[in-house]
Amino acid sequence: MRFLGLRSVSAMLCALIVLTGSVCITHAEEYYSGTPAKYVFLFIGDGMGIAQKMSTEAVTGEQLVFDDFPVQGITTTQANNRFIVGSAAAATAMSSGQITNIGMIGMSPNGKSVKTIAEMARDNGQKVGIVSSVSIDHATPAAFYAHVPKRSQYHYIDHALAASNFDYFAGGGLKDPKGTRKGIEARGNAVTAIKKAGYKIISNRSGFEKLSKSSGKVLAYNEWLQDSGATPYEIDRRTQDISLAEFTAKGIALLDNPEGFFLMVEGGKIDWACHANDAKAAVMDTVAFNNAVKEAVAFYKKHPNDTLIVVTGDHETGGMTLGFAGTKYESHFNVLDAQTVSFEKFTQEVMEPFKKAAHGKNTFEDIKPQITKYFGLKFEGNPKKDTMVLKPYEVAKLQEAFIQSMAGQLIKNNSPQAAILYGSYDPLVVAVTHTVNNKAGLAWTSFKHTGTPIVTSAIGVGAESFRNNYHQSEIAKKIMAVMGIAPAVSVASK
Ligand SMILES: [Zn+2]
């Protein structure tokens, strides 16, 4: 294996010492110092911890392509002001090297803009692409081109996109182009600004397929945006919907040029599925993410001496684990085979119409066939002979959740216990995914993120510097070094 001199720098951030009270461990940070890579890929599986990866491999029986990369490192994820990070602070750390506060995008804790590796690539005369399965102004993609104190300032982020001069934005849509959200000062329609900046806007498959190098700057999103401007969950994706792998492949084709490029791809709905504790949806979105990485690997094979691919997560979501008290040492991953829709699709297309039509008269009996149809859980039969048959205590759990679902907000808001049981989701839907997951031998501890470390995988130029154990902010600096830029946080000039 090629090993171009690694420079060891013993500089360490003790940012966490105050926060956690733990001992500050000093690592020797390692940066690449050889010939820079021309092509740099950063893949971020949002919410993708080691359990998300392992459950995907267990359910599909297939190894993730990045689990086979020659370099595997451990990445810690804490924010400046909270032990458990959020996507905005995590992505800012990974895009700029700056450890920042929760909710901040491309800014230091004192509100100064920090330059991102995507902006550095642009200023180096390289092309830049940003791809996400969620809205393109969501925290993770935004942290590569926007600088705002609050991640919810989508309108300002949309205008930052227009001003970025990046070459390729693709995946989900925009959340607030008109500036209609509370507390926002409208700056004019961002779509107009994006067009004025020279972007071609594409919102369907036929337009997407026609895109070529002569298209110029592009903003492309999928026609069906399922929830909050995001592309559909992979489990719900129809053939006419553009996959994350297709968005990635098109990005590579459009960005490929002699000066090189930087391409960030986010699998954003792994996180959303895990917030809702829906393992099957998370698994399928991890598969979609893996397929996107495969596109980069194919490119790497053609340009092995000029390419770096880094694959990581920003944090773990849901406190997912492989193992459950009820299944003891057993795992039944095939239980997930029967689930054919995401929690979101089931909520939107089954539960909501069911509740509306009910007028308080629909009973638990009426929803049973839908649970069987979409999740494979059976209300009749012998649970000892068929794993899919519900045990009496499982039926009781679903029945209790059904009462909560039909009661709506009233019970939910008045019951802290309901919040622990169901988060902010439809109680019956959560009870169903929990039951399916537990039968498979999978379990969850939270509807939020957790502080467990992440695995970072790397292949190509400078990959060796991604070994060992480091904070996620080091990912940005390690990438800067591979791009031939001094690895340090840089306050942007504008
Ligand atoms: Zn999240």
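These questions and answers walk through a predicted model, starting with its central sheet.

Local features here need pLDDT of at least 70 and side-chain atom pairs count only at pLDDT 80 or more, while totals for chains, interfaces and linings use all residues. Residues are numbered from 1 along each chain as its sequence is written, and side-chain values use heavy atoms, with hydrogens and water left out.

Q: Which strands stand at the edges of the open sheet of 10 strands?
A: Let's begin with the order, which runs β7-β8-β6-β5-β9-β3-β10-β15-β4-β16 with mixed pairing. Strands here are DSSP runs of E with at least two residues, helices are runs of H or I with at least four, and both are numbered from the N terminus. Two strands pair if DSSP finds at least two bridges between them. Two strands have a single partner each, so one side of each is left without a neighbour in the sheet: β7 (200-202) and β16.

Q: What is the average twist from one strand to the next?
A: The twist concerns the open sheet of 10 strands. Angles run from 0 to 180 degrees between N-to-C directions, and axes are lines fitted to C-alpha atoms, for helices over the stretch in contact. From one strand to the next, the twist averages 15 degrees.

Q: Why is strand β9 described as largely enclosed by the rest of the structure?
A: Buried means under 20% relative accessible area, exposed means over 50%, and partly exposed lies in between (1.4 Å probe, protein chains only). On one side of β9, F261, L263, V265 and G267 are buried, and on the other F262, M264 and E266 are buried too. Strand β9 (residues 261-267) is largely enclosed because its buried residues number 7 of the 7.

Q: Which residue of β9 stands opposite F41?
A: Strands β3 and β9 pair in the parallel sense over 7 bridges. Strand β5 (residues 127-132) also pairs with β9 in the parallel sense, over 6 bridges, and there K127 stands opposite F261. Opposite F41 stands L263.

Q: Which residue of β10 stands opposite G45?
A: Strand β3 (residues 39-45) pairs with strand β10 (residues 307-313). They run in the parallel sense over 7 bridges. Opposite G45 stands G313.

Q: Which residues of strand β4 point to the buried face?
A: Side chains alternate along β4 (residues 71-76). Q72, I74 and T76 point to one face and are not buried. The residues pointing to the other face, which are buried, are V71, G73 and T75.

Q: Which residue of β16 stands opposite I74?
A: Strand β4 pairs with β15 in the antiparallel sense over 5 bridges, and I74 stands opposite V455 there. With strand β16 (residues 469-471), β4 pairs in the parallel sense over 3 bridges. In β16, the residue opposite I74 is N469.

Q: Which residue's side chain makes a polar contact with that of T456?
A: T456 is found in strand β15 (residues 454-460), and at 0% relative accessibility it counts as buried. Contact means heavy atoms within 4.5 Å, and leaving aside neighbours within four places in sequence, T456 is in contact with residues including V71, G73, F466 and I475. A polar contact is a pair of N or O atoms within 3.5 Å; within protein, one must be able to donate a hydrogen and the other to accept it, and residues adjacent in sequence count only if both atoms are side-chain atoms. At 2.8 Å, the side-chain partner of T456 is T312.

Q: How are α3 and α18 arranged relative to each other: roughly parallel or roughly antiparallel?
A: The axes of α3 (residues 87-96) and α18 (residues 473-482) come within 5 Å and cross at roughly 25 degrees. The contact is made by A93, M94, S95 and S96 of α3 and S473, I475, A476 and M480 of α18. Angles under 35 degrees count as roughly parallel, over 145 as roughly antiparallel, 65 to 115 as roughly perpendicular and the rest as oblique. The two helices are therefore roughly parallel.

Q: How many residues apart in sequence are G441 and Y156?
A: G441 is found in the loop between α17 (427-440) and β13 (442-443), and G441 is buried, with a relative accessible area of 1%. C-alpha to C-alpha, G441 and Y156 are 44 Å apart in space. In sequence, their separation is 285 residues.
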